[in-house]
Amino acid sequence: MVTLLYTFLHMRHNLKYFDKMRCLRKRSAVSFLGVLVICLLFMNLYIEDGYVLEGDKQLIRETATHQLNPERYVHTFKDLSNFSGSINISYRYLAGTPLPRKRYLTIGLSSVKRKKGNYLLETIKSIFEQSSYEELKEIAVVVQLADFDSAWCEGMVQDISQKFAHHIIAGRLIVIHVPEEYYPVLDGLKRNYNDPEDRVKFRSKQNVDYAFLLNFCANLSDYYVMLEDDVRCSKNFLTTVKKVITSREGSYWVTLEFSKLGYIGKLYHSHDLPRLAHFLLMFYQEMPCDWLLIHFRGLLAQKEVIRFKPSLFQHMGYYSSYKGAENKLKDDDFEEESFDIPDNPPANLHTNMNVFENYEASKAYSSIDEYFWGKAPSTGDFYGIVFEKPIKITKIKVVTGTEDRQNDILHHGALEVGEKIIGSKKGRQCTTYLRLGEFKNGNFEMTDVEHKVLFSINCMRILVTKSQKEWLIIRSISIWTSQTSNP
């Protein structure tokens with residue numbers, strides 16, 4: 001009897017133990033299944049259309065006629081650097097010839113037949129007319145006629161060749177076309193975002209158009225900017241682009257934006273174009289190209305948008321290339337006439353003020369819409385700039401505060417320039433400073449600086465001359481130079 005009772009209690013204990021284990025297994029199974037579902041969704045996002053990325057012409061031709069088996073052509077999305085090679089495509093030159101030398105900037109345009117309106121010729125005209133003779137030597141314009149209507153393409157080539165013959169002869173303008181056989185399947189695609197089938201086809205083909213254009217332009221220049229075929233340019237836009245690039249030397253960036261609209265005015269390093277081309281092909285049916293660009297930038301570790309203001313390019317089309325629908329979008333930050341863009345030569349920036357969150361010193365010296373923000377400064381606090389090379393300054397302009405925080409200005413401060421630099425690379429500073437003037441209403445501006453300062457300037461600093469309870473926003477620091485001096 002005792003034995004039976006012991007056996008019963010032992011079995012009961014085991015049953016409770018197994019019951020607990022079963023509950024744990026259920027919880028574990030639920031957690032595991034949850035993780036598995038997330039992983040599968042993530043993998044689906046990245047590999048479902050990976051077969052499009054084969055850099056083999058035969059494979060691309062194969063995709064043009066039928067859907068491939070994803071299990072056969074699946075790619076592991078480990079690192080975008082794996083896609084640094086070009087896609088093997090045969091391009092047709094409709095006008096122009098291969099460039100004899102590498103340029104500073106390539107401007108890419110992709111155009112298709114519109115049901116209403118055609119703005120391509122005006123866009124090309126604006127690019128050339130708004131560029132000086134010296135600027136024209138540093139640019140190449142590549143126009144891709146991406147419509148499968150051969151009669152339309154032939155007509156556009158004739159118009160372009162007649163109106164811009166001298167630019168074609170000078171090697172500044174190339175017109176290309178990619179035969180339809182190289183395109184992947186464009187029918188029966190996934191209808192993400194509940195888009196109608198024809199809309200999905202339009203935006204998916206547009207992604208492929210851009211991918212092929214980027215692939216072609218990868219080795220033509222140091223930098224590449226994408227425009228749409230209905231755009232007006234600002235005067236001397238190349239000079240402004242060069243100044244912005246120079247001002248960001250030493251900082252990491254993937255995309256610089258010179259317009260807030262669509263795929264207009266987006267600037268890239270040319271060495272990133274093959275990866276971007278592969279990326280657009282991989283996800284060509286997932287979403288519109290301007291959305292994909294956000295993901296591409298993020299994958300290459302540029303978290304924030306870097307957009308220059310005022311905008312250099314303006315959308316001028318009234319009718320969209322999709323079904324001829326009305327498109328009245330305008331960039332209200334655009335300025336067409338030439339404006340005074342600062343040089344802001346390369347420099348190291350530092351401050352002893354208490355910086356708020358990520359509003360660090362570099363943001364006041366940037367050419368984009370951001371600023372430095374420090375907590376209430378005390379007498380003797382400073383914001384310092386140490387130039388990489390001695391410079392001759394012609395004009396200085398410093399703006400503090402913003403429209404939203406008009407009291408976060410420098411209430412009492414001075415601007416000084418210095419010489420006789422000492423210290424190591426990270427701790428360089430000037431031993432002697434000359435005070436140029438005081439801030440008035442939170443701002444400082446001075447012209448003809450080169451006539452007031454006889455030495456080459458190594459440093460510049462904003463000095464707080466009286467403590468204040470308000471925080472300090474330095475919205476922008478703009479420096480114009482005449483020449484670079486030898487040390």
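This passage describes a pocket and three helix pairs in a predicted model.

We turn to the pocket before the helices. The second largest pocket encloses about 810 Å³ of space. Its lining is made up of 31 residues, and those closest to the centre of the pocket are Arg248, Ser362, Lys363, Ser366 and Glu370. By residue class, the lining of this pocket holds 11 nonpolar, 9 polar and 11 charged residues. Among the secondary-structure elements, strand E10, which spans residues 347-351, gives the most to the lining of the second largest pocket, with 3 residues. Both domain 1 (92-315) and domain 2 (347-481) take part in the lining of the second largest pocket, each supplying at least three residues.

The packing of helices comes next. Two packed helices are described by the angle between their axes and the distance between the axes. For helix H4 (residues 120-129) and helix H6 (residues 150-163), the angle is about 30 degrees and the axes lie 11 Å apart. Angles under 35 degrees count as roughly parallel, so H4 is roughly parallel to H6. The crossing in which H4 passes H6 is right-handed.

A second pair joins helix H8 (residues 197-217) and helix H10 (residues 273-282), whose axes come within 8 Å and cross at roughly 160 degrees. Because an angle over 145 degrees counts as roughly antiparallel, H8 is described as roughly antiparallel to H10. Here the crossing of H8 and H10 is left-handed.

Helix H10 also packs with helix H11 (residues 289-299), at an angle of about 130 degrees and with the two axes 11 Å apart. That angle falls in none of the ranges for roughly parallel, roughly antiparallel or roughly perpendicular, and H10 and H11 are therefore oblique to each other. As for handedness, H10 passes H11 in a right-handed crossing. Helix H10 thus has a left-handed crossing with H8 and a right-handed crossing with H11.

Key: Residues are numbered from 1 along each chain as its sequence is written. This is a predicted model: local features need pLDDT of at least 70, side-chain atom pairs count only at pLDDT 80 or more; totals for chains, interfaces and linings use all residues. Side-chain values use heavy atoms; hydrogens and water are left out. On a 1 Å grid over the protein atoms alone, a cavity is a set of points where a 1.4 Å probe fits but cannot get out, and a pocket is an open set with protein on both sides within 12 Å along at least five of seven lines; lining residues have an atom within 4 Å of a point. Grid points are joined across faces, edges and corners, and a volume is the space filled by probe spheres set on the points. Helices (H or I, at least four residues) and strands (E, at least two) are DSSP runs, numbered from the N terminus. Ala, Val, Leu, Ile, Met, Phe, Trp, Tyr, Cys and Pro count as nonpolar, Asp, Glu, Lys and Arg as charged, and the others, Gly among them, as polar. Domain bounds come from an automatic or database domain assignment. Axes are lines fitted to C-alpha atoms, for helices over the stretch in contact, and angles run from 0 to 180 degrees between N-to-C directions. Angles under 35 degrees count as roughly parallel, over 145 as roughly antiparallel, 65 to 115 as roughly perpendicular and the rest as oblique. A crossing is left-handed if the near helix is turned anticlockwise from the far one by less than a right angle, and right-handed if clockwise.
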